[in-house]
Amino acid sequence: KNEKKIYVIGGGISGLSCAWFLNQAGFAVDVFEADAYPGGMVVNSVPAFRLEDKSILRDIERIRKSGVNIITKTVVNSKKFLQLRKKYDSVFISTGFQVASISIIDGTGCKNIFEAIDFLKIVKQNKNVELGQNVAVFGGGNHAVDAARTAQHLLGANGVTSLVCQYTINDIKADKEEVAAMIEEGVNIVEMVFPIQIIREDNHVKGLEYRVVEQYETNKNGHIKPLKISKTIHSLEFDTIIFSGSYSSNINFVEPDQLKTKEGSLLTRMKNVYIGGGARLGETTLIKAIADGRNAALEIMKKENILQLPTPEKILTEEEIAELLLKKNKREIAVKQKDVPIEERNNFEAVIHPLTKTQAIYEAKRCLQCDVICNVCVSVCPNNAFIGFEIKPEELLIPTIYYNNDNFKVSKKKRLDIKQKYQVICVADWCNECGNCTTFCPTAGTPYKDKNRLHFDKAAFKNEGRGFLLSTDGDLKQLIMKKDGKLSVLSLNWDALIFENDDCMAVLDKNTFEIEHIDIFTDSKGTFDLPEITEMKIIFNAVENLV
Ligand code: SF4
Ligand code: SF4
């Protein structure tokens, strides 16, 4: 145990994940949950046929028994937030993303109309819900699909559920496999519907009036908006309408501006306050919410200089790495999990049978350990355009130059954090942009664009916006870096290593790249950073022997 105390606002999956990892590393963790029980969305709204309640409750119990203090029915307001910040060393905000905004359909005072998350919660609490025989679920996100499947599981052969959306089924935002399962289970799809109003009789839903969406567009953020709507009004009959609108995190104990984070970090603009899960990501998957909780825990551990993880990262030997790379070239087929037949899906039993112990062990052994070494792009490129190289994970220091006429001082406070031992560079001259690496990249990257790009061909490099050019001429080896419109040149000959850019020329130590002498081309007094030397050192060491 250490002396540090952390509080987590929100006992959902992300908050519990953060609490678990911090607790395992010796922190005292209090979790404040507004609801009467922890678990958040996963307990409230993920249908039991997708994830069994007993599995969720078992995990929560394990976290509680490990020593995490979960305090339920506690709402954090701005006063309490300030008090708690003084009392604890760090805060993790994980309040989720589940507050529904008002629907475009006005159903005020009408029975048989539900918001999707409320509906899922009612069903999960085993409360009685009368749906009639003809249910419409309006929306296209994961909550809408969950609600449609849940309604159909309740109705069974006694009724029909329709998913009603403003666009075509191909453009709906929900996960593709959930959409496929929904269609397989018999949910009817009604596309291109722009709802006008609910048809009601004695405050009971009777149907929906709508116009047809004739044209729509998707903007660069993925939001879909109708462009052209028919003049004619149509109607559909329904007994129950469930709508899934847009959701927000609705954090009201702190100004939204204060919650912004920098890329690669979960630290907000407030000291020692971190944010993650749905509160940061918006609508997201359980896995990403759990990962955010773990990453926040790691960031807090790092800040406190407590880096022992419950399961320390495994350092592989050279032989194990070689074995792993061989394994990546062999295809091992995944276990096919058994589905419950469609005609038997009229209850809330899991529709996909969990793995047996033997299957789970087999699946775990198929893991290619991409977090240790991936290099998938290296192995799938038909042109051998990627070069993998190793580097020591460490925080490299960036030189800052203070100069006054002929005097200069080098200080090193800023850092470049190298997290991964195994790195990849793309030889751009050999890439014909076939896209194979993008298809296979397990992290959905675009490796031939994302990775540092290396050229040997001067003409091709000239047309690039960024990248490196490596050349040789007799004893001279030269690496040129183009970044943010600026060129930096590193030249090595038999007796010197020279760095040059628009601001200066520096003589560097050939082994350490430390600055031995520098001539400044600009004003007589000032300061500037030279991250280029640190970045070029990494690339030069990796590729210098290629020419
Ligand atoms: S896009 Fe380029 S780097 Fe990627 S696989 Fe194709 S040739 Fe190789
Ligand atoms: S870019 Fe993608 S495929 Fe290449 S090493 Fe990284 S994660 Fe793997």
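How many nonpolar, polar and charged residues are in the shell around ligand 2? Let me start there, everyone, and keep in mind that this is a predicted model. The shell around ligand 2 divides into six nonpolar residues, two polar ones and one charged one. If you want to find them on the screen, look for Cys374, Asn375, Val376 and Cys377, then Cys441, Pro442 and Thr443, and finally Pro447 and Lys451.

Now over to ligand 1. Here 13 residues surround the ligand, and the closest are Cys381, Cys431, Cys434, Gly435 and Cys437. Sorted by class, the shell of ligand 1 holds eight nonpolar residues, four polar and one charged.

So what space does ligand 1 take up? It occupies the largest cavity. A search through the whole structure turns up one cavity of 30 Å³ or more, and the volume of the largest cavity is about 80 Å³. The lining has 14 residues, and closest to the cavity centre are Cys381, Cys431, Glu433, Cys434 and Cys437. You will recognise Cys381, Cys431, Cys434 and Cys437 from the list of closest residues around ligand 1. By class, the cavity lining comes out as nine nonpolar, four polar and one charged.

On to the sheets. One of them is an open sheet of nine strands with mixed pairing, and the order is S17-S20-S21-S22-S23-S24-S25-S26-S27. Why do S17 and S27 each have one side without a neighbour in the sheet? Strand S17, residues 386-390, and strand S27, residues 515-520, are at the edges, and each has a single partner strand, so one side of each is left free of a neighbour in the sheet. From one strand to the next, the twist averages 25°.

Let's zoom in on S22, S23 and S24 within that sheet. Strand S22 covers residues 467-473 and strand S23 covers 476-483, and the two pair antiparallel over seven bridges. To trace the pairing, take Gly467, whose bridge partner in S23 is Lys482. Further along, Ser471 is opposite Gln478 of S23. The hairpin of S22 and S23 has two residues between the strands, and Gly474 there takes a positive phi near 60°.

Then S23 carries on to its other partner. Seven bridges join S23 to strand S24, residues 486-492, and this pair is antiparallel too. Gln478 comes back here: in S24, its bridge partner is Ser491. So Gln478 is a handy landmark, with Ser471 opposite it and Ser491 as its partner in S24. S23 and S24 also form a hairpin with two residues between them, and in the turn Asp484 has a positive phi of about 50°.

Last stop, please bear with me: a second open sheet. This one has five strands in the order S6-S14-S7-S8-S9, and the pairing is parallel. Which strands stand at the edges? They are S6, residues 113-115, and S9, residues 188-190, each with a single partner strand, so each has one side without a neighbour in the sheet. Ignoring direction, neighbouring strands here are turned by 20° against each other on average.

To pick out one pair in this sheet, strand S7, residues 134-138, and strand S14, residues 240-243, run parallel and share four bridges. A useful spot to click on is Val135, which stands opposite Thr240 in S14.

That's my tour. Thanks for listening!

Terms used:
Residues numbered from 1 in each chain as written. Chains lettered and ligands numbered in written order. Predicted model: local features only at pLDDT ≥ 70, side-chain atom pairs only at ≥ 80, totals over all residues. Heavy atoms only, no water. Near = heavy atom within 4 Å. Nonpolar A, V, L, I, M, F, W, Y, C, P; charged D, E, K, R; others polar. 1 Å grid on protein atoms, 1.4 Å probe; cavity = no way out; pocket = protein on both sides within 12 Å on 5 of 7 lines; lining within 4 Å. Sits in = over half its atoms within 2 Å of the grid points. Points joined across faces, edges and corners; volume = space filled by probe spheres on them. Pairing = 2+ DSSP bridges. Axes fitted to C-alpha atoms, helices over the stretch in contact; angles between N-to-C directions.
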